[in-house]
Amino acid sequence: FFPVRAGACRAMAFEVFDDVAFYWFLFSVMVMVIVPMSYSFLSTLQLRPPADWTRQLDSCKEKNERIERERRKDLMSKLFGWRGVGFICSWTLLIALAMRLTVMQNEEMYTFNPYRILAIEEGAEPGEIKKAYRKMSLKFHPDKNQDDDPEKNSCLCPAKEAADLFIKIAKAYETLTDDATRDNYEKYGNPDGYHGTSVTIGLPSWLTDKDNELAILVAYFVALIVIIPTVVGLWWRNSSKFLEDGVMQNTAYRFYRQISEHTAAKFMPGILSSAVEFSEAVPCRNNQADDLSKLHNRVREQFVKNQGDVNNDIMKVKTLLYAFLLREPVPPSLQ
């Protein structure tokens with residue numbers, strides 16, 4: 001028989017990792033995260049055009065075609081935006097994980113069973129145990145399985161897997177041939193005896209592989225020091241711009257400065273034009289200057305002076321709003 005260090009056998013009880021349990025845990029967590037996120041994303045998509053009786057009117061045909069084009073463009077921008085890409089990638093990963101679990105569905109979560117490891121029936125005689133141990137220890141001994149190519153090893157498996165199995169085989173043989181360890185196994189289901197009750201989580205074996213230590217440390221560092229603070233910072237910077245009702249704080253402040261109980265209705269187009277949301281959505285660009293100037297000249301006679309008329313972005317929004325109210329055609333560069 002081949003000698004096995006006692007320390008290696010004792011350590012075996014603490015170095016068993018459960019890939020199957022980990023993947024089930026990961027699948028459950030992904031479902032809890034992806035399903036509500038998917039519902040939130042899909043609720044923003046307008047897959048069908050809204051009901052509108054003007055669709056039946058020939059006089060509104062051009063308008064409805066333009067609205068439909070804009071709706072489809074908005075739909076495609078959402079589908080291929082960051083939320084759409086995240087939706088597609090997350091469901092792809094979830095389906096791939098589900099397919100992997102279907103392949104692994106016949107694999108059981110690991111429990112130490114010396115009879116199963118030695119491929120013998122429970123209650124086997126000492127002679128059968130010794131014979132099974134001799135056969136399997138020869139097959140999985142590290143000296144005969146030193147190559148990472150399974151085809152070059154006697155067990156037809158990689159060297160690391162053969163070494164792990166050899167330790168389990170030695171532990172199984174020790175359990176069934178030593179009176180103390182066999183008694184512990186029969187009483188507590190553990191050859192090392194009773195260790196108390198513990199609650200653990202399934203972890204993949206590659207997570208504690210020494211070859212992956214550096215990569216895992218780097219991943220933890222990037223996730224904890226870079227990604228999480230960056231995401232929280234960006235979220236806070238964006239959310240701090242808005243009030244609870246979704247209106248930007250700067251917009252509410254501008255409205256507060258300009259609107260009172262005595263404000264006349266004629267000032268409202270200019271006040272609405274000062275909303276920061278409009279200024280950020282349609283900023284004034286140099287290549288639009290000529291068309292904007294011509295459109296402004298057509299509608300400026302109807303302008304009512306407001307506080308924000310010195311701001312170029314506000315003036316652009318105000319010009320477009322007046323053009324819409326006055327039914328003035330808007331150049332394509334400004335649409």
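How far apart in helix α7 are Lys160 and Asp164? The two residues lie 4 positions from one another within this helix, which spans residues 159-177, and so about one helical turn separates them. In the model, which is predicted, Lys160 and Asp164 are joined by a salt bridge whose closest N and O atoms are 3.5 Å apart. Asp164 is partly exposed, its relative accessible area being 37%. Side chains of opposite charge can pair when their charged atoms come close.

The fold in which this pair sits consists of helices, 14 in number, with 0 strands. The confidence of the prediction averages a pLDDT of 80 over the protein, and 87% of the residues reach a score of at least 70. Helix α6 (residues 126-140) has the highest confidence, at 89, whereas helix α1 (residues 6-12) has the lowest, with a mean of 40. Over residues 1-16 the pLDDT remains under 50, and for this stretch the model has 24 contacts beyond four places in sequence. Of the 335 residues in the protein, 27% are buried, and the protein exposes about 24,000 Å², of which carbon and sulfur atoms supply 59%. Among contacts with a separation of 6 or more, 61% are between residues 24 or more positions apart.

The count of salt bridges in the model comes to 6. One of them links the side chains of Glu68 and Arg72, with an N to O distance of 3.1 Å. As in the pair described above, the separation is 4 residues along a helix, here α3 (residues 61-79), and Glu68 and Arg72 are therefore about one helical turn apart. An α-helix has 3.6 residues a turn, so residues three or four places apart point the same way. The two partners nevertheless fall into separate accessibility classes: Glu68 is buried, at a relative accessible area of 14%, while Arg72 is exposed, at 53%.

A further salt bridge is formed by Glu328 and Arg298, for which the closest N and O atoms are 3.2 Å apart. Glu328 belongs to the segment after α14 (312-325) and Arg298 to helix α13 (residues 289-299), so this pair ties together parts of the chain that are 30 residues apart in sequence. Both ends of the bridge are partly exposed, Glu328 with a relative accessibility of 26% and Arg298 with one of 40%. Elsewhere, salt bridges with shared partners connect Glu68, Arg71 and Arg72 in one network.

Helix α13, which carries Arg298, has Leu292, Leu295 and Val299 as its buried residues. Viewed down the helix axis, these buried residues are confined to an arc of 65 degrees, so they line one face of α13. Asp290 and Lys294 are exposed on the other side of the helix, and the cover over the buried residues of α13 includes α14.

Turning to the nonpolar interior, the largest core contains 20 residues, among which Leu118, Ile120, Ile129, Phe140, Ile169 and Leu176 touch the most other members. Two or more residues are given to this core by each of α5 (114-117), α6 and α7, and the largest share, 6 residues, comes from α7. For Leu176, once neighbours within four places in sequence are set aside, the contacts are with Pro114, Tyr115, Leu118, Ile120, Ile129 and Arg182. Apart from this core lies another of 10 residues, including Leu295, Met315, Tyr322 and Leu334; Leu295 is also one of the buried residues of α13.

Two residues are notable for their backbone geometry. Ala119, although not a glycine, has a positive phi of about 60 degrees; Ala119 is placed in the loop between α5 and α6 and is exposed, at 63% relative accessibility. Arg327, likewise not a glycine, has a positive phi of about 60 degrees. Arg327 lies in the segment after α14, where Glu328 is also found, and with a relative accessible area of 67% Arg327 is exposed.

Technical notes. Residues numbered from 1 in each chain as written. Heavy atoms only, no water. Salt bridge = Lys/Arg side-chain N within 4 Å of Asp/Glu carboxyl O. Buried < 20%, exposed > 50% of the residue type's maximum accessible area, 1.4 Å probe, protein only. pLDDT = per-residue confidence, 0-100. Contact = heavy atoms within 4.5 Å. Arc of directions from axis to C-beta. Areas by Shrake-Rupley, 256 points an atom, 1.4 Å probe, with all protein chains shown as cover. Core = buried A, V, L, I, M, F, W, Y, C linked by side-chain atoms within 4.5 Å.
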